[in-house]
Amino acid sequence: MTSHAVPSAPRFEHFAVDDLTLGLGTGAPRISWTVTGAAGFAQRGYELEVTTVSATTVYAVEGTAQVLVQWPAAPLRSRERASVRVRVSDGTQWSEWGAPAIAEVGLLEPTDWSAAFISPVGIAGLDEPAPIVEGAIDIPGEIVRARLYATAHGIFTASINGMRVDDTVLSPGWTAYDERLRYRTFDVTALVHSGTNTVQALLGNGWYRGYLSYLGERALYGDRLAFCAQLEVDTADGARHVLGTDGSWTAHESAVTEDDLYNGQSTDLRRDAALFARVPVELVPTGTRALVAPDGAPMRPTGTHAAVRIWASPTGRTLVDFGQNAVGWVRLAVRGLADGTTVAVRHAEVIEDGELGTRPLRSARATDSYVLDGRDEAVLEPDLTLHGFRYAEVTGIDDLQAADIEQVVIGTDLERTGWFECSDPMINRLHENVVWSTRGNFVDLPTDCPQRNERLGWTGDIQVFGPTALFLYDVSGLLTSWLADLAAEQYPSGGVPHVVPNTNRSDNDDPEAAAWGDAATIVPWTLYQRMGDQGILERQLRSMKAWVDRVAELAGPDLLWTSGFQFGDWLDPTSPPDRPQDAKAAAEVVATAHFARSAAIVAQAAAVVGDDAAARQYADLAARVRAAFAASYVSPAGRIVSEAQTCYALAIEWDLLPTTAQRAEAGRRLAELVRRSGFRIATGFVGTPLICDALTHAGYADLAGSLLFQTECPSWLYPVSMGATTVWERWDSMLPDGTVNPGEMTSFNHYALGAVADWLHRTVAGLEPTAPGYRRIRIAPIPLEQLDWASARHLSPYGEIAVRWERIGDQVKVDTWLPAGVVADVLLPGTAPVTAVGEGEHSWTVTMPRAAKDLTVATIRDLMDHRATWTAVVDAMQVAGLVPHGELQAIELLRVYMDEPALAITSVINNHIDGKRGRFPREHPVHAQVEALLRATSATDAMAS
């Protein structure tokens, strides 16, 4: 009998499901699949059918595994392909076979390459036009299959017989070139024909030879562009014809006169590449030892935006708004312009003083220019550069029309896997901003920003943002590659570069920095938790241990990391614009907390991979670091050194407080600090991802909601209120008057502070993974008072999971969908926990009236927590002149009177101003208005409940 379960086509490693996965870097790719179509189905076994050119074999396996299962057959050899399909059993019935998918292996060994790296002779210097290298091959007979394997020192755009090999851009991307240089595999069967075939590649500077880093450095990896390619064509007679780059190739100049990722691209369309003299090439003594296959998707155009507005600036310049801050370039159609006309496009993220706001770009020119050749029509766009922008300034066209210009979005071709929505439009816009900052900063690797002269793989940024990124998009392949670079470039001491790939080419190591270096442990652990990839822990464990061992050496016998440079709670809003590391949180507290966290992660990782001795060693180390932290930085009552929100959040979330009483006091104190900040953000890169979780776990989820919904600066919604379409680097990258923050670092597209989205997914919507790969989840949404409904969906390795809750009167209805292979534990207020809920649709309804509060008998602290009424009270007192400077003045005046009656608030402030003490007999004239607000709110709450 056949089960109605339907397994998907298999997925290989971390590549998206496709009919053909090309150029795999292993002969034994791990296999994953999802199962749909049968309510309540639970897999108990599976069969994998593997078909190669020589045989078809079926491998039967008992068990529930369906994510990254081991390759069952003998490893494939270089160039070999296999068709794989899956069927599954629940122990009694087998499904039909799922759709097949083909895995094709790339070139696994250096000896598979007959090609060599070639470089033009006499042209293509640092400040000379971009070259084109060219080779040809005669192919007799009928074409069966053709593959192009290619890479470069620099970036390349390849074509065969005048046709681009595909739509990907900026290949081979950026890796730790000295140790790992990617090659790409292209299926070019449709481009090759019998007879003479010509292969060309336009070479650009890219990351290899262009400007790189904020220090103004150039050609960090070398000053010569080079290309290495191997075209292999199989014909019907069984022959294989190979064209490899060698001394027979030639080179010539192109129409691209200048190209740089930061500065832009200049193209002279009058320069006909076919008319340039051919020059020889020479072999570059590099070899193919470092060549590796990709682990994830390439970069390509992923969308477009039309112009939403075109206007003239105060100085008469033509400006264009595309409505979305994104990464890519401008595509421009021109007509009827004279030969020699120059058209230029400058890019920026903001408008300042009515003009294009280029100061945040620092030295990056971000300008593409074109000298026209007089043809009737032309479409202009670059292909050797990249810009982060919402706005463009166009010169050379007198009457620019919206139909003639668009923004082309460029990025890694990531599969979208996560969504969140709720009843509040501003929160939805915040989440959309996080999505766009993810798209814009995952361009081949996780970068800090996409617009200025930086765009580097800062370790601290991805360390805090990893969970959010892995929910929103499948970045597993991208992060797998990036972690290989981190391990390859880790210093012999165990220290971790601040940026990966490492742009520090000096003989001096970067100083070790907590939170940044901890990417070595936290990112692979996050990848394991979210994708179920045990293999990443096996591969990275040596790197993870080396980092913790180095920190232990720096900390010394007392296990407190108190010396050396630290980024600290970077960009805490209290830090000055020119010293973003000067945060309120003590650097040594932050550093030692990370030491404990990373040691614990290494212990867990070692246990997962079966290294029991290492698990015991690092678990013991973590326990001793936690004890040292508590003894040195935590008072017996639970107060933490430096009294910073970030320090309390770290201690609560990372189990650094030994006693129940200390944990309770730390939570209470954190809540008090959040109130005293006026529910404005008081954390930087380190504390921001943890603050809402810490409040929630301490029992103050309502305060986390108030923090989330704050719109005054600094807050998550302040940029939204200012029209932001991406997450900013600073809480006040743009000041309330519309001017740009004076700090040198002022990006308007920086994902780190958007890490709060992970809390939205897990806690507000209630979709929280509790076992690797979402094998088990917890459904425990917290319906914030400000929301009527919220929902989250995620394409997990096992399939789509969805959770949605909605208020209906005094009840909350929770709906969920679970795929086969996933079980859920459901924890809802007022009901017993429901455990191990399986595949299918499920609903629960619980009574959960909105919280009611009688503010006439409440304390001032309670009043502050009732945000709507508190805001109305402060407004009334400000209008009356009692607190002319508004909320923060009121909070400062009330900080020692939080337990006084809310009805006495005006008397408290009035007497405090007068310098009086006692029981506050004196009332301010606005008291009657405030009392009416409190009584009205209490009556409304009572009716609602």
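**Notebook: strands, sheets and helix pairs**

I started with the hairpin: S18 and strand S19 (residues 240–244) pair in the antiparallel sense over 5 bridges. For the record, helices (H or I, at least four residues) and strands (E, at least two) are DSSP runs, numbered from the N terminus, and two strands pair if DSSP finds at least two bridges between them. A note on the source: this is a predicted model, where local features need pLDDT of at least 70 and side-chain atom pairs count only at pLDDT 80 or more, while totals for chains, interfaces and linings use all residues. Residues are numbered from 1 along each chain as its sequence is written, and side-chain values use heavy atoms, with hydrogens and water left out.

**Entry 1: S18 and its partners**

I looked at the turn next. The hairpin of S18 and S19 has 4 residues between the strands, and Gly238 in the turn has a positive phi of about 90 degrees. Asp234 stands opposite Arg240 in S19.

I then checked the other pairing of S18. Strand S12 (residues 143–153) is antiparallel to S18, with 10 bridges between them. Thr151 has Cys228 of S18 as its bridge partner.

How many residues of strand S18 are buried? I found 10 of the 10 in S18 (residues 226–235), so the strand is largely enclosed by the rest of the structure. Buried here means under 20% relative accessible area, exposed means over 50%, and partly exposed is in between (1.4 Å probe, protein chains only). In a regular strand the side chains alternate between the two faces of the sheet. I saw that split in S18: Ala226, Cys228, Gln230, Glu232 and Asp234 point one way, Phe227, Ala229, Leu231, Val233 and Thr235 the other way, and all are buried.

**Entry 2: Thr318**

I picked out one residue in strand S27 (residues 318–335), namely Thr318. Is Thr318 buried or exposed? Its relative accessibility is 18%, so Thr318 counts as buried. I listed its contacts (heavy atoms within 4.5 Å). Leaving aside neighbours within four places in sequence, Thr318 touches Ile310, Trp311, Ala392, Glu393, Val394, Ile397 and Leu400.

**Entry 3: two helix pairs**

Two packed helices are described by the angle between their axes and the distance between the axes. The axes are lines fitted to C-alpha atoms, for helices over the stretch in contact, and angles run from 0 to 180 degrees between N-to-C directions.

I took H4 (residues 476–489) and H6 (residues 534–555) to begin with: their axes come within 10 Å and cross at roughly 25 degrees. That makes H4 roughly parallel to H6; angles under 35 degrees count as roughly parallel, over 145 as roughly antiparallel, 65 to 115 as roughly perpendicular and the rest as oblique. Thr480, Leu483, Ala484, Leu486 and Ala487 of H4 meet Ile536, Arg539, Gln540 and Ser543 of H6. By class I get 5 nonpolar, 3 polar and 1 charged residues in this contact. Ala, Val, Leu, Ile, Met, Phe, Trp, Tyr, Cys and Pro count as nonpolar, Asp, Glu, Lys and Arg as charged, and the others, Gly among them, as polar.

I went on to H7 (residues 587–609) and H9 (residues 645–653), whose axes come within 10 Å and cross at roughly 15 degrees. H7 and H9 are therefore roughly parallel to each other. H7 brings Val589, Val590, Ala593 and His594 to the contact, and H9 brings Thr646, Cys647 and Leu650. These residues divide into 5 nonpolar, 2 polar and no charged.

**Entry 4: helix H11**

I found helix H11 (residues 688–697) mostly covered, with 9 of its 10 residues buried. Its buried residues pack against helix H3 (459–472), H9, helix H10 (660–676), helix H12 (701–709) and helix H14 (757–764). Just after H11, Gly699 takes a positive phi of about 95 degrees.

**Entry 5: two open sheets**

I traced an open sheet of 5 strands with antiparallel pairing, in the order S35-S38-S39-S40-S43. Strand S35 (418–422) and strand S43 (840–847) are the edge strands, each pairing on one side only. The twist averages 10 degrees from one strand to the next. S40 (residues 811–818) and S43 run antiparallel, joined by 8 bridges, and Thr816 stands opposite His842 in S43. H14 lies across S35, strand S38 (789–796) and strand S39 (799–808), at about 75 degrees to S35.

I also noted an open sheet of 4 strands with mixed pairing, ordered S36-S37-S41-S42.
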